[in-house]
Amino acid sequence: MTKTEIKESLIKQLELRGMSADFYKDMIEDYVYYWTLKKKLISDIKQKGLRYKTINGNGVEVEKANESVVNLQKTTATMLKILADLKLKDPVPEPQNSSDGYL
């Protein structure tokens, strides 16, 4: 999914729930920001791994934990909190169109 698709999907779900205030749309912007951040963190973990080697201030090579792992957990938790605050944990079914031929 793209950033635009996620944003449009969340806005549509809010509209189906009758939640159209700007406050909610601002929370969606926050969610989309965290979604983008999550993608960058995942990319960093794929590139560096869980641990990586670097040179410390004394010029000695050391192995460090990749902070992106912890940040990914925090980011994901924040994203889930935003969805919970928006009451969007479960998708909202779209209203059925009575002209689709089904009774």
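This briefing covers a nonpolar core, a helix pair and one buried serine. The model is predicted, so local features need pLDDT of at least 70 and side-chain atom pairs count only at pLDDT 80 or more, while totals for chains, interfaces and linings use all residues. Residues are numbered from 1 along each chain as its sequence is written, and side-chain values use heavy atoms, with hydrogens and water left out.

**Nonpolar core**
- The largest nonpolar core (buried Ala, Val, Leu, Ile, Met, Phe, Trp, Tyr and Cys residues joined through side-chain atoms within 4.5 Å) has 14 residues, of which L10, L14, I28, Y31, L86 and L88 touch the most other members.
- Two or more residues of this core come from each of α1 (3-16), α2 (22-48) and α3 (67-85); helices are DSSP runs of H or I with at least four residues, numbered from the N terminus.
- The most is given by α2, with five residues.
- Leaving aside residues up to four places away in sequence, I28 touches K7, L10, I11, L14 and L86, where contact means heavy atoms within 4.5 Å.

**α1 and α2**
- The axes (lines fitted to C-alpha atoms over the stretch in contact, with angles from 0 to 180 degrees between N-to-C directions) of α1 and α2 come within 10 Å and cross at roughly 150°.
- The two helices α1 and α2 are therefore roughly antiparallel, a term for angles over 145 degrees.
- K3, I6, K7, L10, I11 and L14 in α1 meet Y24, I28, E29, Y31, V32, W35 and T36 in α2.

**S68**
- S68 lies in helix α3.
- S68 is buried (under 20% relative accessible area, 1.4 Å probe, protein chains only), with a relative accessible area of 9%.
- Residues up to four places away in sequence not counted, S68 touches L41, D44 and I45.

How values were computed:
Buried means under 20% relative accessible area, exposed over 50%, partly exposed in between (1.4 Å probe, protein chains only). Angles under 35 degrees count as roughly parallel, over 145 as roughly antiparallel, 65 to 115 as roughly perpendicular and the rest as oblique.
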